[in-house]
Amino acid sequence: MKRFHVHMSVRDIDDSVSFYSTLFATAPSVLERDYAKWMLNDPRVNFAISTRSGAPGIDHLGIQAENAEELAELGARLDAAGQA
């Protein structure tokens with residue numbers, strides 16, 4: 001099953017981990033000194049934050065595939081939409 005991916009750049013990792021842990025009602029599944037990730041099921045999203053990028057805000061968006069078949073399906077959809 002595919003999962004939407006959101007990566008946000010934040011100024012303060014500790015404050016942001018506290019905020020999102022409260023918002024999502026769970027601790028991150030991965031926590032490093034400059035990065036945290038929540039693998040949420042409701043909504044089904046891989047939500048990550050880090051201080052690795054420039055200005056705070058959305059760093060990147062994507063769709064996470066769990067296997068080669070899902071990845072091939074997403075690739076075919078991108079091709080059909082005229083994107084590489």
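Is His-5 buried or exposed? Hold that thought for a moment, everyone, and let me set the scene. What we have here is a predicted model. The protein has two helices and five strands, and along the sequence they come in the order β-α-β-β-β-β-α. The C-alpha trace spans about 40 × 25 × 20 Å along its principal axes.

Now, back to that histidine. His-5 is buried, because its relative accessible area is 13% and the cut-off for buried is under 20%. His-5 sits in strand E1, and its side chain has two polar partners to look at. One is the backbone oxygen of Asn-46, reached at 3.1 Å. The other is the side chain of His-60, with a polar contact at 3.0 Å. If we set aside residues up to four places away in sequence, His-5 touches Asn-46, Ala-48, His-60, Leu-61 and Gly-62.

Let's move on to helix H1, which covers residues 13-24. A quick check on the geometry: at 1.5 Å a residue, its twelve residues should span 16 Å, and the end C-alpha atoms are indeed 16 Å apart, so the two agree. At the N-terminal end, Asp-12 acts as a cap, with a side-chain oxygen 3.0 Å from the backbone nitrogen of Asp-14.

Which residues of H1 are buried? They are Ile-13, Ser-16, Val-17, Tyr-20 and Ser-21. These cover an arc of only 130 degrees around the axis, which means that they lie on the same side of H1. You all know the background here: an α-helix has 3.6 residues a turn, so residues three or four places apart point the same way. Turn to the face of H1 directed away from that buried side, and you find the exposed residues Asp-14, Asp-15, Phe-19, Thr-22 and Leu-23. And what covers the buried residues? The cover includes strands E2 (30-32), E3 (35-41) and E4 (44-50).

After H1 comes Ala-25, and please take a look at its backbone. Ala-25 is not a glycine, yet it has a positive phi of about 60 degrees. Ala-25 belongs to the loop between H1 and E2. With a relative accessible area of 69%, Ala-25 is exposed, because the threshold for that is over 50%.

Next, the core. The largest nonpolar core has twelve residues: Val-6, Met-8, Val-10, Ile-13, Val-17, Tyr-20, Ala-36, Trp-38, Leu-40, Val-45, Phe-47 and Ile-49. Strand E1 (3-9), H1, E3 and E4 each supply at least two residues of this core.

Two members deserve a closer look. Tyr-20, leaving out residues up to four places away in sequence, touches Ala-25, Trp-38, Phe-47 and Ile-49. That brings us to Ile-49 itself, in strand E4. Ile-49 counts as buried because its relative accessibility is 0%. Outside its neighbours within four places, Ile-49 has contacts with His-7, Met-8, Val-10, Ile-13, Ser-16, Val-17, Tyr-20, Asp-34, Tyr-35, Ala-36 and Trp-38. How far apart in space are Ile-49 and Val-6? Their C-alpha atoms are 8.4 Å apart, with their positions 43 residues apart in sequence.

While we are by E4, please find Pro-43 in the loop between E3 and E4. The peptide bond joining Asp-42 and Pro-43 is cis, with omega about 5 degrees.

On to helix H2, residues 68-80. The same kind of check works here: 13 residues at 1.5 Å a residue should span 18 Å, and the end C-alpha atoms are 18 Å apart, so this one agrees too. At the start of H2, a side-chain oxygen of Asn-67 comes within 3.1 Å of the backbone nitrogen of Glu-69. Following H2 is Gly-82, with a positive phi near 85 degrees.

Let me finish with the whole protein. Of its 84 residues, 33% count as buried. Among contacts with a separation of 6 or more, 57% are between residues 24 or more positions apart. The accessible surface comes to about 5,500 Å², and carbon and sulfur atoms account for 55% of that.

Thanks for listening, and I'm happy to go back to any of these residues.

Technical notes:
Residues numbered from 1 in each chain as written. Predicted model: local features only at pLDDT ≥ 70, side-chain atom pairs only at ≥ 80, totals over all residues. Heavy atoms only, no water. Helix = DSSP H or I, 4+ residues; strand = E, 2+ residues; numbered from the N terminus. Expected span 1.5 Å × (residues − 1). Polar contact = N/O pair within 3.5 Å; in protein donor to acceptor, adjacent residues only side chain to side chain. Buried < 20%, exposed > 50% of the residue type's maximum accessible area, 1.4 Å probe, protein only. Arc of directions from axis to C-beta. Contact = heavy atoms within 4.5 Å. Core = buried A, V, L, I, M, F, W, Y, C linked by side-chain atoms within 4.5 Å. Areas by Shrake-Rupley, 256 points an atom, 1.4 Å probe, with all protein chains shown as cover.
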